[in-house]
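Work through these exercises with the structure in view. Try each task before you read its solution.

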Amino acid sequence: QVQLVESGGGLVQAGGSLRLSCVASGRAFSSYAMGWFRQAPGKEREFVASIKWNSGSTNYGDFVKGRFTISRDNAKNTVFLQMNSLKPEDSAVYYCARKPSIILQYEDWGQGTQVTVSS
């Protein structure tokens, strides 16, 4: 069983920055990739970014447009999401998730951290 705990959310003004963290714990943690998703009220969950655990290769949702950066610290089993130039439409609950292998979907999810961007 893998536990994921997000932190770093909060209230920020438009144009500001936040850095989210997600710490993974559990016996013999391993992962093919880690991802960040978000969900705003009344909207479907949306892919934000992902990073392959071994290679560090990254992928981003189209809306990110260079504003967000995903990174990881393998030694600490932690993945980060640096968010810059935040917009009110970025307000959502942000979740991190673990993709155990290339053939499986994301199957472990954190409890989420709220990000609110004021205009």
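Buried means under 20% relative accessible area, exposed means over 50%, and partly exposed lies in between (1.4 Å probe, protein chains only). The model is predicted: local features need pLDDT of at least 70, side-chain atom pairs count only at pLDDT 80 or more, and totals for chains, interfaces and linings use all residues. Residues are numbered from 1 along each chain as its sequence is written, and side-chain values use heavy atoms, with hydrogens and water left out.

**Exercise 1.** Classify Asp90 and Arg67 as buried or exposed, then describe their contact.

*Solution.*
Step 1. Asp90 has a relative accessible area of 1%, so Asp90 is buried.
Step 2. Arg67 has 10% relative accessibility, so Arg67 is buried too.
Step 3. Recall that side chains of opposite charge can pair when their charged atoms come close.
Step 4. A salt bridge needs a side-chain nitrogen of Lys or Arg within 4 Å of a carboxyl oxygen of Asp or Glu. Asp90 and Arg67 form one, with their closest N and O atoms 2.7 Å apart.
Step 5. Asp90 lies in the loop between β8 and β9, and Arg67 in the loop between β6 (58–60) and β7, so the pair ties together parts 23 residues apart in sequence. Strands (E, at least two residues) and helices (H or I, at least four) are DSSP runs, numbered from the N terminus.

**Exercise 2.** Find how Arg98 and Asp108 meet, and which residues share a salt-bridge network.

*Solution.*
Step 1. The side chains of Arg98 and Asp108 meet in a salt bridge, 2.4 Å from N to O.
Step 2. Arg98 sits in strand β9 and Asp108 in strand β10, so this bridge ties parts 10 residues apart in sequence.
Step 3. Arg98 is buried at 10% relative accessible area, and Asp108 is buried at 13%.
Step 4. Salt bridges with shared partners join Arg38, Glu46, Arg67 and Asp90 into one network.
Step 5. The structure holds four salt bridges.

**Exercise 3.** What is the sign of phi at Asn77, and where does the residue lie?

*Solution.*
Step 1. Phi of Asn77 is near 50°, a positive value in a residue other than glycine.
Step 2. Asn77 is in the loop between β7 (68–73) and β8 (78–83).
Step 3. Its relative accessible area is 23%, so Asn77 is partly exposed.

**Exercise 4.** Locate Ser85 and classify its accessibility.

*Solution.*
Step 1. Ser85 is in the loop between β8 and β9 (92–99).
Step 2. Ser85 has 41% relative accessibility, so it counts as partly exposed.
Step 3. Ser85 also has a positive phi of about 50°, although it is not a glycine.
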